[in-house]
Amino acid sequence: MTAPTEEGGTAGEPGTRSGHSGSFGEVLITATGIGVDASWGHIYGPVDLTVRAGGVTVLVGAGGRGRQALLLTLAGRMKPTTGQLEAFGRVDAPHHLFDRAAIANIDEVDGIPQTIRVHDIVTEQVRWAAKWYQWVPQSTDADLERICRPVFGEYSLPTMDAMVEELPEFTAALFRIAVANIRKPPLLVVGGVDTLASIEGSQRLRERLIALGAEQTVIMADVNGVEMQDGITDVIEVHNLTDHEFAVLEREVTGR
């Protein structure tokens with residue numbers, strides 16, 4: 001695992017992507033001492049990190065509500081109660097960040113009712129993405145292809161009449177990312193990559209996120225971290241995501 005440098009990047013050479021724009025590698029988000037506290041207690045923080053534009057930034061840290069809340073914060077869905085968050089040139093402006101980010105594969109944000117067809121989800125997302133005055137008919141296979149193919153790549157798309165609850169785990173994760181990313185904003189934040197039951201499934205999902213990082217900045221989290229490779233911009237250790245006593249126990253168990 002590659003350790004973060006003081007500048008917020010990683011030791012060694014940064015990841016790259018083919019055909020990147022001139023903004024690749026520029027600082028997109030800077031978090032300084034950010035944290036979130038609820039009325040019932042501390043959720044996470046303080047956290048310092050820097051996200052550079054382009055490719056995939058991997059946040060390495062314990063799973064749970066703290067890490068999930070951090071991802072929500074970095075997508076503009078949750079406002080930090082402490083510290084400072086600068087994103088897309090604005091300081092502590094969650095609405096500005098919200099408009100430029102999509103978040104996927106986090107149940108509290110993009111959870112899909114299980115007893116519903118793929119067709120219904122695609123139709124709903126197409127209508128949400130359309131202008132308010134535009135009439136949108138029922139979705140077609142062409143809509144499914146347009147929305148899902150950039151995320152699925154070479155993998156088979158689900159059928160329009162498939163029930164969401166019957167989709168294989170890997171397919172379901174790709175589908176959730178595809179419908180959440182329909183606007184293709186500059187930033188895509190993805191949760192749950194390391195929660196797939198299959199290690200191979202998690203690896204394949206990460207590869208698809210690397211492909212998306214050719215055109216967007218992607219943030220994901222992984223408890224074990226990943227090796228630096230083409231398309232991975234930074235791998236950053238993030239602490240203070242769990243209560244101190246649980247963090248100590250985790251280090252004792254994992255040896256980290």
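Contact means that heavy atoms lie within 4.5 Å of each other. Helices (H or I, at least four residues) and strands (E, at least two) are DSSP runs, numbered from the N terminus. This is a predicted model, in which local features need pLDDT of at least 70 and side-chain atom pairs count only at pLDDT 80 or more, while totals for chains, interfaces and linings use all residues. Residues are numbered from 1 along each chain as its sequence is written, and side-chain values use heavy atoms, with hydrogens and water left out.

**Exercise 1. Two helices that meet**

Task: Find which residues of α5 meet which residues of α6, and state at what angle the axes of the two helices cross.

Solution. Begin with the contacts: on the side of α5 they involve Leu144, Ile147, Cys148, Val151 and Phe152, and on the side of α6 they involve Thr171, Leu174, Phe175, Ile177, Ala178 and Val179. Next take the axes, which are lines fitted to C-alpha atoms, for helices over the stretch in contact, with angles that run from 0 to 180 degrees between N-to-C directions. The axes of α5 and α6 come within 9 Å and cross at roughly 115°. Last comes the handedness: a crossing is left-handed if the near helix is turned anticlockwise from the far one by less than a right angle, and right-handed if clockwise. The crossing of α5 and α6 is right-handed.

**Exercise 2. The length and surroundings of α7**

Task: Check whether the span of helix α7 (residues 199-212) agrees with 1.5 Å a residue, and then describe what its buried residues pack against.

Solution. The expected span of a helix is 1.5 Å times one less than its number of residues. For the 14 residues of α7 this gives 20 Å, and because the C-alpha atoms at its ends are 20 Å apart, the two values agree. At the N-terminal end there is a cap, in which a side-chain oxygen of Ser198 lies 3.2 Å from the backbone nitrogen of Glu200.

Now consider burial, where buried means under 20% relative accessible area, exposed over 50%, and partly exposed in between (1.4 Å probe, protein chains only). In α7 the buried residues are Gly201, Ser202, Leu205, Arg206, Arg208, Leu209, Ile210 and Leu212. These buried residues pack against two helices, α5 (141-152) and α6 (169-180), and against the strands β3 (55-60), β7 (187-190), β8 (217-222) and β9 (232-237).

**Exercise 3. A residue in the loop before α7**

Task: Decide whether Leu196 is buried or exposed, and list its contacts beyond four places in sequence.

Solution. Leu196 lies in the loop between β7 and α7. Its relative accessible area is 10%, so Leu196 is buried. Leaving aside neighbours within four places in sequence, Leu196 touches Glu169 and Phe170, and also Gly201, Ser202 and Leu205. Although Leu196 and Glu169 are 27 residues apart along the chain, their C-alpha atoms are separated by 7.1 Å.

**Exercise 4. A sheet and the helix upon it**

Task: Give the strand order of the open sheet of four strands, and find which helix packs on this sheet.

Solution. The order is β2-β1-β4-β5, with antiparallel pairing; two strands pair if DSSP finds at least two bridges between them. The edge strands, each of which pairs on one side only, are β2 (41-52) and β5 (90-91). Helix α1 (residues 65-74) packs on the sheet and touches β1 (27-38), β2 and β4, and its direction makes about 50° with that of β2. Eight of the ten residues of α1 are buried, including Leu70, Leu71 and Leu72.

Within the sheet, five bridges join β1 to β4, and Ile29 stands opposite Ala87 in β4. Two bridges join β4 (residues 82-87) to β5, where Ala87 has Arg90 as its bridge partner and Glu86 stands opposite Val91.

**Exercise 5. Backbone details**

Task: Locate the cis peptide bond that involves Pro46, and find the value of phi at Phe88 and at Lys184.

Solution. The cis bond runs from Gly45 to Pro46, with omega near 0°, and Pro46 is placed in strand β2. Phe88 has a positive phi of about 50° although it is not a glycine, and this residue is in the turn of the hairpin that β4 and β5 form with two residues between them. Lys184 likewise has a positive phi, near 50°, and lies in the loop between α6 and β7. Because its relative accessibility is 41%, Lys184 counts as partly exposed.

Conventions. A polar contact is a pair of N or O atoms within 3.5 Å; within protein, one must be able to donate a hydrogen and the other to accept it, and residues adjacent in sequence count only if both atoms are side-chain atoms.
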